[in-house]
Amino acid sequence: MQNEKYIRLLDSVVLSNNAVEDFYTMYNDNTEFRVWLDRFIPEVKKCEAQQQNNPWHKYNVLGHILHSVEYMNRATAELPAADRRMLAYTMFFHDIGKPDSHIVRKKKGRMIDSFFNHNIRGCEIIAPILPQLGFDDSESAIISKLVYKHDLFMYVTENKNNNPYKKLLTPELVKSEISDLNTVGDGSKLLRYLVMIGRSDNLAQNEKMTADSLHLLDAFDSVLDNIEEQVL
């Protein structure tokens, strides 16, 4: 019962439209909640300590996470409560693996923080946590899949180039992503949600860097619109 009490408190901040302020108020002012959360999800405290010396970011990892949660919650006001909760926690967990994946590397003459495969580490971290938060097997599979794929759009481009890590945005690529997401739910709906995740993630980054990424997300939505119209 005690655990349920604190999960309700965590829900109240993770589902808040003012998640940044509400989380830090709860965490700093409620000692019992802070002790519980530090034990239940110790990676949250690690995210607060993890800086992001990288041109794409302007917050530490936890600050970025909480800002992305806010953007998601404001975008999902009209969604069913269960979907809204899944997406809020997807954002809360999308970068939870960054501290364990942190390296410093040289890029274009400067040292930057990088977090390769943090999505994979994040999925490992949340696997035992999601059932304790009350998510059933289906919901847990969806959240894990979305966390795993949240950086999908970094590897997609609207224009052909010589980057071997970039795939061209085409209807075939979008259909392939829908097919993959169909393994855990309604692929078309989940791809829409994945675009929302990408958008919330970008809006919580350095706005000087994200214009092209946000445009790509709009283009993804457009391709998905066309595919769904053809089905109808």
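This section describes the salt bridges, the cysteines and selected loop residues of a predicted model.

The structure contains 17 salt bridges. Side chains of opposite charge can pair when their charged atoms come close. One of these pairings joins Arg74 and Glu70, whose side chains meet with an N to O distance of 3.1 Å. Both residues belong to helix H5 (residues 61–75), and because they are four residues apart in this helix, about one helical turn separates them. The two partners differ in their exposure class: Arg74 is partly exposed, at 46% relative accessibility, whereas Glu70 is buried, with a relative accessible area of 11%.

Helices H10 and H11 are connected by salt bridges between distant parts of the chain. Asp180 pairs with Lys145, and the closest N and O atoms of this pair are 3.2 Å apart. Asp180 lies in helix H11 (residues 171–181) and Lys145 in helix H10 (residues 137–149), so that the bridge links positions 35 residues apart in the chain. A relative accessible area of 27% places Asp180 in the partly exposed class, while Lys145, at 19%, is buried; the latter assignment follows because the limit for burial is under 20%. A further bridge is formed by Lys149 and Glu177, with the closest N and O atoms 2.7 Å apart. Here too the pair links distant parts of the chain, with Lys149 in helix H10 and Glu177 in helix H11, 28 residues apart. Both Lys149 and Glu177 are buried.

Salt bridges also occur as a network, in which Arg192, Arg199, Asp218, Asp221, Asp225 and Glu228 are linked. Two arginines, three aspartates and one glutamate are thus named in this network.

Glu70 also features in the surroundings of Ser16. This serine is situated in the loop between helix H1 (2–14) and helix H2 (19–29). With a relative accessible area of 9%, Ser16 is buried. Leaving aside residues up to four places away in sequence, Ser16 is in contact with Asp22, Glu70 and Asn73. Of these contacts, Glu70 is also the salt-bridge partner of Arg74, and Glu70 is itself buried.

The disulfide count for the model is zero. For Cys47, the closest cysteine sulfur is that of Cys123, at 14 Å, which is too far for a bond. The converse holds for Cys123, whose closest cysteine sulfur is in Cys47 at 14 Å, likewise too far for a bond. Because a disulfide requires sulfur atoms within 2.5 Å, the separation of 14 Å excludes a bond between Cys47 and Cys123. Both cysteines are nevertheless buried: Cys47 has 0% relative accessibility, and Cys123 has a relative accessible area of 16%.

Positive backbone phi values were found at two non-glycine residues described here, Lys108 and Asn117. Lys108 has a phi of about 50° and occupies the loop between strand E1 (103–107) and strand E2 (110–114). Lys108 is exposed, with a relative accessible area of 82%. For Asn117, phi is about 65°. The loop that holds Asn117 lies between E2 and helix H8 (118–126). Strand E2 is therefore flanked by the loop of Lys108 and by that of Asn117.

Notes:
Residues numbered from 1 in each chain as written. Predicted model: local features only at pLDDT ≥ 70, side-chain atom pairs only at ≥ 80, totals over all residues. Heavy atoms only, no water. Helix = DSSP H or I, 4+ residues; strand = E, 2+ residues; numbered from the N terminus. Buried < 20%, exposed > 50% of the residue type's maximum accessible area, 1.4 Å probe, protein only. Contact = heavy atoms within 4.5 Å. Salt bridge = Lys/Arg side-chain N within 4 Å of Asp/Glu carboxyl O.
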